[in-house]
Amino acid sequence: MSTALLEVEDLAIRFRAGNGHIHAVDGVSFALGRGETLGIVGESGCGKSVTALSILRLLPKRGADIHRGAIRYDGQDLARLSEREMSRLRGNRLSMIFQEPMTSLNPVLTVGTQIAETVRRHRGASKAQALAHAIDMLTLVRIPDAERRATEYPFQLSGGMRQRVMIALALACQPDILIADEPTTALDVTIQAQILTLIADLQARTGTAVVLITHDLGVVAETCSRVIVMYAGRVVEAAPVSALFANPRHPYTIGLMHALPHLDDAAPDDGTRRRLAEIPGLVPRLVKPIQGCAFAPRCSMATDQCRTETPPLDPVDPVHRVACWQVPR
Amino acid sequence: MAAYLLRRLLAVIPVMVVVAITVFMLLRLAPGDPAAIIAGDEARPEDIIRIRAMLGLNESIVVQFGLWVGRLLQGDLGTSIFSNLPVTTLIAQRLEPTVMLTITTLTIAVVTAIPLGVLAAWQARTIIDRIVMLIAVLGFALPVFVFGYVLIWIFAIDLQWLPVQGYKPLKDGFWSCLESLVLPSTALGLTYMALIARITRASMLEVLDQDYIRTARAKGLSTRRTLLLHALKNAAVPILTVIGIAIALLISGVVITESVFNIPGLGRLTVDAILKRDYPIIQGLIIVFAGVKVLVNLSIDVSYAAFDPRIRY
């Protein structure tokens, strides 16, 4: 993909832990096209949030390092930029919203100030211009009475409102890329839908590309065009959303799909309920690089080859790639 | 806010009543006849009778207390036994050096401690952090009189940059006054600097772990703005609290410093009064100190709201 806006290549991130390292991300590659929405799914600890944070280089300075790979954006490798160069891109060309709207805004500054300071930092606008822009942004994310809300503090807003403020903040400088790390996980289901619709609307209007990190396949199905599935720090499957849902190939993805509840499964007449399918076993610990396929210990189809050789992420058709020895190609 | 202030000011009254009772009882609880205590070991009986009459000790204790409080409310703190001057006059004479010393000490402590604390928290667990904390521990451990004499030896005797001792009043010029306060307030300020720096570091460390600091970084804000606005404003409440404690401690802390540097302030007045058992002065000073502490606490509590909008009165 030569037209990609962002290209992550063979990214590996490790955390120092005790005397050794935890290999949180191990050889992740993906590309993001202009205006595209890419979903990254996986369960807790699979490395999806670490991948997201590493793009903006927001991992803890001490203890975490990108020890292999590249993050290419606009002709430069973000993994190698200085902190100063990086801070010019953050909030400007690359933005991020986080899982916890309750704690992600500064409690002692007004929301207007928090949006305006980003605009001032990157656009060099005057205080009044920046504040006017902040109010426009609050209106854009459909916060009623934006002018008054801009003078309020985060504790005066509800969770859903705060996440809207975060979105306004992230989009204030019209970034090329918005990274949304579980943006709806902490919200009520009704608010979740509103926030997702809002992100999709704004994206259509501004042409911002979105990386949506989630553990919720439902969210992916509703909003993303393409999706990558991560497991134990690696990408195990990458496909357009329609292809992935119609025809999941990796045993882990198939397991995830089976673990989704379906409406027609609900309460038959006799009152019994079918248990949700689960994937047996536990996520492996990442204290040392995993030999072979990371999913092999939990996989019913695993062979000796699976346990010793790491499967490459190979195409099974032009748009669908899977890292599994057992999938015929 | 106004209602809160009024409520807090009203709450000052019972505190001061307790202080007044304690101070009044001070003289009466001491074993023996207060008049005899005041008169000293070599007093003649006539002296004791004279002093007893002067102090109104022939009345019942309730009447004595009533009369005493009545005068107190009119701003009359009594008369010094030795100099025969009103205690209010004596305190007023000694007020300026102590107030000036407190202000300069606090300024030095706060202006150095907060940047050091922020720096240490930002560079936590690095060599810079260790050095700052080492200074803080030393500053806390070093007694004022030791550090004071070291400063005098280096800057006054050896280098002769600053006066050895004494205080030059404000009316003789602002700069000469300030010059006379540099060494004493540095000596005194070191302890408070250490105290405030440690609290600043601890409070900042907690704040720097918060999600909104990550947001500030994700917005591309400069390190300076992230630390000094986003983090420090959130860390302010514990820092303010400890500054309030520092002010309260300072008022009693000046006693030693004023002796070392020979400054004629309230600290010296206190020491002299205790040595001479000049009870009216001691009583007056305790009431003034208690009143100042109560007011300092009140202003610190009110100032929290300026830093944290979630605090409303």
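# Group meeting: a predicted model of chains A and B

I'll start inside chain A: strand E3 and strand E8 (residues 209–214) run parallel and are joined by 5 bridges. Within that pairing, A:Ile40 has A:Ile213 of E8(A) as its bridge partner. Before going further, please keep in mind that this is a predicted model.

Staying with E3(A), its other partner is E9(A), again in the parallel sense, and here there are 4 bridges. A:Gly39 is bridged to A:Val227 of E9(A).

How many residues of strand E3 of chain A are buried? The strand covers residues 37–41, and 5 of the 5 are buried, so E3(A) is largely enclosed by the rest of the structure. In a regular strand, side chains alternate between the two faces of the sheet. In E3(A), one direction is taken by A:Thr37, A:Gly39 and A:Val41, and the other by A:Leu38 and A:Ile40; all are buried.

Now the sheet around that strand. It is open, has 8 strands with mixed pairing, and in chain A the order reads E6-E7-E8-E3-E9-E10-E12-E11. Which strands are at the edges? They are strand E6 (94–97) and strand E11 (314–317) of chain A, each of which pairs on one side only. On average, and ignoring direction, neighbouring strands of this sheet are turned by 20 degrees against each other.

Let me walk from E9(A) towards the E11 edge. Strand E9 of chain A, residues 226–231, runs antiparallel to E10(A), with 6 bridges between them. One pair to look at is A:Met230, which stands opposite A:Val235 of E10(A). The two strands form a hairpin with 2 residues between them, and in the turn A:Ala232 has a positive phi of about 50 degrees.

Strand E10 itself, residues 234–240 of chain A, is mostly covered, with 6 of its 7 residues buried. E10(A) also pairs with E12(A), in the antiparallel sense, over 2 bridges. There, A:Glu237 has A:Val322 of E12(A) as its bridge partner.

The last step is from E12 to E11. Strand E12 of chain A, residues 320–322, pairs with E11(A) in the antiparallel sense over 3 bridges. A:Val322 of E12(A) turns up again here, as the bridge partner of A:Asp314.

That is the sheet. Next, where chain A meets chain B.

The contact involves 24 residues of chain A and 19 residues of chain B. On the chain A side, helix H2 (83–89), helix H3 (101–104) and helix H4 (111–123) each supply at least two residues. Which of them gives the most? H4(A) does, with 4 residues. By class, the chain A side that touches chain B has 11 nonpolar, 8 polar and 5 charged residues.

On to chain B. Its secondary structure comes to 12 helices and 0 strands. Of its 313 residues, 34% count as buried. Along the principal axes, the C-alpha atoms of chain B fill a box of roughly 80 × 55 × 35 Å. Taking the contacts in chain B with a separation of 6 or more, 70% are between residues 24 or more positions apart.

The domain assignment splits chain B into domain 1 (16–73) and domain 2 (93–307). Over C-alpha atoms, the centres of these two domains of chain B are 37 Å apart. Their contact takes 8 residues from domain 1 and 7 residues from domain 2 of chain B. Helix H1 (2–29) and helix H2 (34–39) of chain B each supply at least two residues of the domain 1 side. H1(B) gives the most to that side, with 6 residues. What classes do the residues on the domain 1 side fall into? They divide into 8 nonpolar, no polar and no charged.

One helix pair in chain B to finish. Two packed helices are described by the angle between their axes and the distance between the axes. For helix H7 (residues 144–158) and helix H8 (residues 174–208) of chain B, the axes come within 9 Å and cross at roughly 145 degrees. The crossing of H7(B) and H8(B) is right-handed. Among the residues making the contact are B:Phe147, B:Leu151 and B:Phe155 of H7(B), and B:Leu183, B:Ala187 and B:Leu190 of H8(B). Counted by class, this contact has 10 nonpolar, 3 polar and no charged residues.

I'll stop there.

Methods:
Residues numbered from 1 in each chain as written. Chains lettered and ligands numbered in written order. Contact = placed C-beta atoms within 7 Å. Nonpolar A, V, L, I, M, F, W, Y, C, P; charged D, E, K, R; others polar. Domains from an automatic or database assignment. Axes fitted to C-alpha atoms, helices over the stretch in contact; angles between N-to-C directions. Left-handed = near helix turned anticlockwise from the far one by under 90°. Pairing = 2+ DSSP bridges. Buried ≥ 20, exposed ≤ 12 C-beta atoms within 10 Å, placed from the backbone.
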